[in-house]
2 protein chains.
Amino acid sequence: MSHADVSHNDLANAIRALAMDAVERAKSGHPGMPMGMADVATVLFTRHLKFDPTAPHWADRDRFVLSAGHGSMLLYALLHLTGYPEMTLEELKNFRQLGARTAGHPEFGHAAGIETTTGPLGQGIATAVGMALGEALLSGEFGRDLVDHHTYVIAGDGCLMEGISHEAASLAGHLGLGRLIVLYDDNEISIDGPTSLALSDDALLRFQSYGWDAERVDGHDPEAVHAAIERAKASPRPSLIACRTVIAKGAPKKAGTAASHGAPLGAEEIEGTRKALGWPHAPFEVPEPIMAAWRAAGARGAAVREEWKQRLAASAARAEFERRIEGRLPESLGAAVAAQKERLVADKPGWASRKSSQEALKVLTETMPELLGGSADLTGSNLTNTPSTAPVTAGALSGRHIHYGVREHAMIAAMNGLALHGGYIPYGGTFLVFTDYCRPSLRLAALMQQRIVMVGTHDSIGLGEDGPTHQPVEHLASLRAIPNMLVFRPADAVETLECWQAALENDKTPSVLALSRQNLPTLRTEAGAENLSARGAYVLAATEGARDATILATGSEVAIAMEARELLASEGIAAAVVSMPSFELFERQEPAWRSAVLGTAPRVAVEAASPFGWTRYVASEDDVVGMKGFGASAPAPALYEHFGITPAAVAARVKALLGKHS
Amino acid sequence: MSHADVSHNDLANAIRALAMDAVERAKSGHPGMPMGMADVATVLFTRHLKFDPTAPHWADRDRFVLSAGHGSMLLYALLHLTGYPEMTLEELKNFRQLGARTAGHPEFGHAAGIETTTGPLGQGIATAVGMALGEALLSGEFGRDLVDHHTYVIAGDGCLMEGISHEAASLAGHLGLGRLIVLYDDNEISIDGPTSLALSDDALLRFQSYGWDAERVDGHDPEAVHAAIERAKASPRPSLIACRTVIAKGAPKKAGTAASHGAPLGAEEIEGTRKALGWPHAPFEVPEPIMAAWRAAGARGAAVREEWKQRLAASAARAEFERRIEGRLPESLGAAVAAQKERLVADKPGWASRKSSQEALKVLTETMPELLGGSADLTGSNLTNTPSTAPVTAGALSGRHIHYGVREHAMIAAMNGLALHGGYIPYGGTFLVFTDYCRPSLRLAALMQQRIVMVGTHDSIGLGEDGPTHQPVEHLASLRAIPNMLVFRPADAVETLECWQAALENDKTPSVLALSRQNLPTLRTEAGAENLSARGAYVLAATEGARDATILATGSEVAIAMEARELLASEGIAAAVVSMPSFELFERQEPAWRSAVLGTAPRVAVEAASPFGWTRYVASEDDVVGMKGFGASAPAPALYEHFGITPAAVAARVKALLGKHS
């Protein structure tokens with residue numbers, strides 16, 4: 001057999017064999033999906049996908065997202081066969097083992113060619129919407145000479161059952177992201193059994209209702225799949241191609257059944273599959289002509305990339321394009337922030353921190369064209385828009401503020417996609433309490449080390465009348481518990497600016513900014529060169545002599561701590577106030593800074609939130625003036641009084657701790 | 001004007017006037033929606049809804065859910081007008097004030113007639129799916145003589161944009177919940193402006209794709225609305241009636257604009273509205289004939305209820321029906337649990353705690369017909385089914401285990417609806433990590449004090465190869481931070497049974513059970529009458545003399561603590577092991593129990609999770625043997641070794657704390 005004699009079936013069977021062999025060796029994994037989608041993936045990777053395994057980070061490559069991440073062996077097999085150097089045969093043999101690039105689910109950063117981490121269902125398709133949006137907007141900025149690619153997704157029934165798929169598909173349809181093409185593995189099998197156990201959707205009608213093109217093809221007919229992809233590429237609308245497939249196609253007994261979904265096929269079934277497929281080769285063996293044909297498919301993109309490189313080299317925008325793609329901050333940023341800090345210290349505005357955020361964003365969005373904002377239908381509340389950020393409208397080729405709609409989950413996932421795509425630093429707003437709606441995507445941002453900024457306004461009972469459903473209580477704690485997540489709760493306009501700066505400078509970590517609805521005084525009196533908020537915590541108000549006590553506070557409660565300090569001073573008690581905008585950054589400081597800030601005097605904390613986690617810094621949750629339960633509906637001042645989060649209560653707590661009773 | 005002369009417009013305008021007046025007085029709220037949907041709500045409440053304000057908890061009442069909870073004044077006005085005694089004029093005047101029943105968003109428990117807490121968008125419609133499912137199943141059990149009602153929802157654009165609406169509507173369509181009728185406030189306005197800013201869905205097509213009936217009517221034409229509801233009631237499918245309305249209808253300048261969405265109309269606009277509506281009455285004044293007509297509408301249900309009461313009185317199933325509706329546990333439960341505990345202590349099984357949960361459920365589901373299980377497409381992993389729980393299939397009139405599909409969010413919301421409906425204690429499973437997908441509904445369960453049990457299996461790196469996307473790290477902490485939530489992490493088969501019992505006995509609190517994938521030894525050696533897990537924490541292994549140290553542990557790490565104890569004993573260090581299946585229940589114990597359990601010796605904790613929050617019980621997070629970051633993909637034993645969660649590491653930590661180095 002020569003390279004030219006290699007058939008589609010040979011190519012697809014190589015995927016099937018590698019997938020079943022690797023799962024078998026690991027004694028763990030999902031063989032059914034890669035075997036079922038091998039034909040579709042072969043057509044995509046050999047005839048359509050624009051990529052170059054020798055330059056996997058090429059900015060103008062097509063993006064491929066395996067939303068059905070449990071079928072990870074499909075992706076690993078494709079990367080190996082098409083010649084990504086990192087994805088060696090050894091890696092396939094080490095599937096799901098400690099330290100391997102071939103984790104159970106595709107992990108961004110483990111190997112080039114893994115465009116995003118998937119596994120939590122629905123995340124991939126929603127992240128891909130962000131990638132397609134990034135492509136659309138960046139091509140609007142830099143032209144089709146530099147940005148001209150597609151985003152392909154393979155998604156399964158599970159992805160389409162998840163609510164996030166609705167938000168994402170609806171947004172993509174609204175924006176008209178025509179370069180987004182979803183190949184739906186329509187195999188009618190889920191883990192529990194036939195999808196008919198739980199699912200009766202007409203998926204085509206559903207996606208048509210979002211303004212997508214949608215059609216169904218035989219997922220084992222390569223020409224039908226090819227023709228459908230051609231139609232999808234020609235359409236100005238996003239496209240869903242439902243590929244009717246047989247899960248674990250080729251397996252004599254388990255094909256078409258849930259038994260092949262999430263467990264190895266077993267030696268006997270694998271032997272039967274080899275016979276049925278006409279694949280007599282040993283485990284992990286791919287005959288040379290078939291491998292050569294795959295490698296030829298992988299080499300298709302090199303010439304296209306070369307042409308692109310020449311266009312980039314000739315482009316006047318080259319330096320800026322490269323800066324944007326590499327995610328480097330502009331050099332002018334520091335001076336712009338410093339000048340604004342000077343203004344704030346002079347003006348001492350009494351803004352709500354959400355307003356302070358908008359004022360910071362005015363400066364930042366003017367300086368940084370890569371900042372791409374948005375809000376989940378709360379623009380006027382989150383204050384995420386600025387004069388520099390025109391709304392992004394359908395067709396999506398310009399604008400810098402996205403009306404995400406009431407779609408918090410898809411918003412954060414799309415922000416992940418925008419960050420992964422490159423060219424943008426996305427931020428987006430909703431009420432802090434609704435971080436609950438998008439936690440799976442926030443977690444992925446942390447896991448993937450992506451720089452996105454979630455603007456969470458109305459961050460406590462300070463939101464007032466909307467009541468307990470809208471008042472965060474446990475959210476600060478629950479966000480602080482996420483590894484590699486920066487949670488900021490700035491106290492005034494200066495800290496808000498500093499927190500924004502820190503969020504942008506920490507380029508491997510997503511950030512959440514918790515911001516007040518209510519007005520707050522400016523407490524910082526000196527601009528200073530240093531970003532004190534980036535220290536995580538610092539002494540905002542020291543004592544003249546030795547400290548009798550230290551009051552730790554965040555955000556809107558720092559002003560309360562300052563008033564408590566006055567009350568205590570009037571009774572001869574010297575209390576320092578520590579503002580603590582970020583637990584996480586404080587933890588990163590050297591011991592000398594930490595011990596100087598915390599001091600040795602007894603400590604009380606005040607934060608209008610659950611005390612859970614504060615025992616890291618105070619001796620007992622009893623030393624936290626905070627919320628013991630859910631909030632209530634009333635004007636904010638009444639609530640602060642009702643829940644006892646007041647200067648008097650803080651002072652009383654300090655005195656009790658010092659053994660002094662009034 | 002006499003009662004008989006009162007027109008539809010008079011009735012609807014009473015709602016409009018009360019809504020705009022209450023919002024104006026509160027200087028806060030959402031007048032637009034109640035004014036826009038006044039016509040639809042009037043038709044529903046005067047011609048269709050089966051209810052009796054004098055018996056608001058009547059089990060066979062129709063359920064009405066205001067999913068667009070920001071329009072709370074619509075509901076409060078309706079309850080007042082139809083004669084719910086608690087909903088006085090004074091309450092309307094105190095809208096959004098501290099202590100009022102009329103919170104910013106409808107809060108379950110604040111007043112009869114508020115069937116569920118809404119405000120977080122999409123929750124209401126998904127909760128209503130659970131209510132409709134409860135009706136369908138309970139009527140299957142007890143017959144249409146006792147259970148024969150509908151579930152009505154008013155939902156807005158925001159509800160339909162949220163992902164949870166997809167999961168819920170898809171599930172309802174699949175199950176064929178024909179008694180679910182959603183009135184969609186299709187007003188084309190969201191907070192940011194026209195919905196066209198963010199939304200291009202064809203809502204009718206979308207719901208038809210789920211197997212619903214869907215049609216659009218003029219929401220200001222009462223006969224058209226009436227006829228559509230009649231058609232919906234006659235249909236065997238769930239129905240969406242898109243009511244094209246004008247937001248804030250009647251307001252001369254702000255009608256049809258986002259300006260009326262979330263802010264008071266203002267005195268001038270209110271004056272103009274009064275003129276435009278022909279409503280010359282003073283604020284909060286409803287003329288007597290109009291009030292009488294509304295009260296007559298509210299009195300419609302009394303006779304129907306009387307007939308129902310007679311049927312109940314004559315029913316052989318009366319006692320059991322009342323027990324089920326009131327949520328009282330069967331008296332036989334205690335003996336069944338005790339007998340099972342004896343068996344477990346004798347057999348000492350080495351089950352994974354997910355398997356222990358299934359074994360507990362075998363006993364519980366046999367004893368308690370009200371236990372209604374389910375899984376989000378992980379039945380064989382969560383082990384939530386038992387021989388007593390046949391699958392619930394489409395048509396949904398029998399069965400006790402629901403294939404929720406990959407719809408975690410709708411699952412928990414539906415469980416809330418099932419609990420609120422009454423007759424069932426719902427539980428449902430997914431991987432613990434996917435509590436992130438359903439947090440908003442878990443939070444509402446806690447806020448509403450509903451007894452639901454979330455079964456979260458695969459609760460740590462112990463799940464192994466699936467990798468970091470599937471391994472909970474921060475989830476225990478983030479769940480423990482939610483007020484009124486019980487988080488259980490049992491160590492063995494005995495504790496798992498005890499935790500199930502405690503979850504069922506705490507009837508005002510939702511529970512999460514965190515359960516292992518991997519096998520665990522039985523550690524409890526005596527059955528005992530007391531539910532030690534219900535104490536939250538207890539000394540599992542005491543020391544003979546004084547304690548040198550105490551090791552706190554939960555779940556799968558209790559066995560590790562026990563081995564560490566042996567290692568330490570071999571070096572002459574006496575360490576007690578405290579099993580701590582629930583922080584929350586431990587916090588409720590008397591001080592004597594707490595101090596006896598915690599002891600005065602230095603403490604180390606071991607839990608394969610983030611240490612965040614453990615400083616409540618140990619001096620520093622350094623004293624927690626846990627996870628510092630995300631997990632990895634590998635077999636579980638390799639991961640425990642890799643992340644240093646081993647008996648040797650625990651012993652070393654204890655020795656370091658005691659100043660003894662090996």
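The legends below describe close-up views of helix α13 and of the interface between chain A and chain B in a predicted model. Residues are numbered from 1 along each chain as its sequence is written.

**View 1. Helix α13 of chain A and its buried side.** Helices are DSSP runs (H or I, at least four residues) numbered from the N terminus. Helix α13 of chain A comprises 14 residues (301–314), and its end C-alpha atoms lie 20 Å apart, in agreement with the 20 Å expected at 1.5 Å a residue, where the expected span is 1.5 Å times one less than the number of residues. Its buried residues (under 20% relative accessible area, 1.4 Å probe, protein chains only) are G301(A), R305(A), W308(A) and L312(A). They lie on the same side of α13(A) because they cover an arc of only 60° around the axis, taken from the directions from the helix axis to the C-beta atoms. An α-helix has 3.6 residues a turn, so residues three or four places apart point the same way.

**View 2. Surroundings of α13(A).** The buried residues pack against α12 (288–299) and α14 (318–326) of chain A, contact meaning heavy atoms within 4.5 Å. Q310(A) and A314(A), which are exposed (over 50%), sit on the face turned away from the buried side.

**View 3. A salt bridge between chain A and chain B.** R443(B) pairs with E474(A), with the closest N and O atoms 2.7 Å apart. Eight salt bridges are counted between the two chains, each a side-chain nitrogen of Lys or Arg within 4 Å of a carboxyl oxygen of Asp or Glu. Elements giving two or more residues to the side of chain A that touches chain B include α19 (439–448) and α20 (475–480).

Conventions
Chains lettered and ligands numbered in written order. Predicted model: local features only at pLDDT ≥ 70, side-chain atom pairs only at ≥ 80, totals over all residues. Heavy atoms only, no water.
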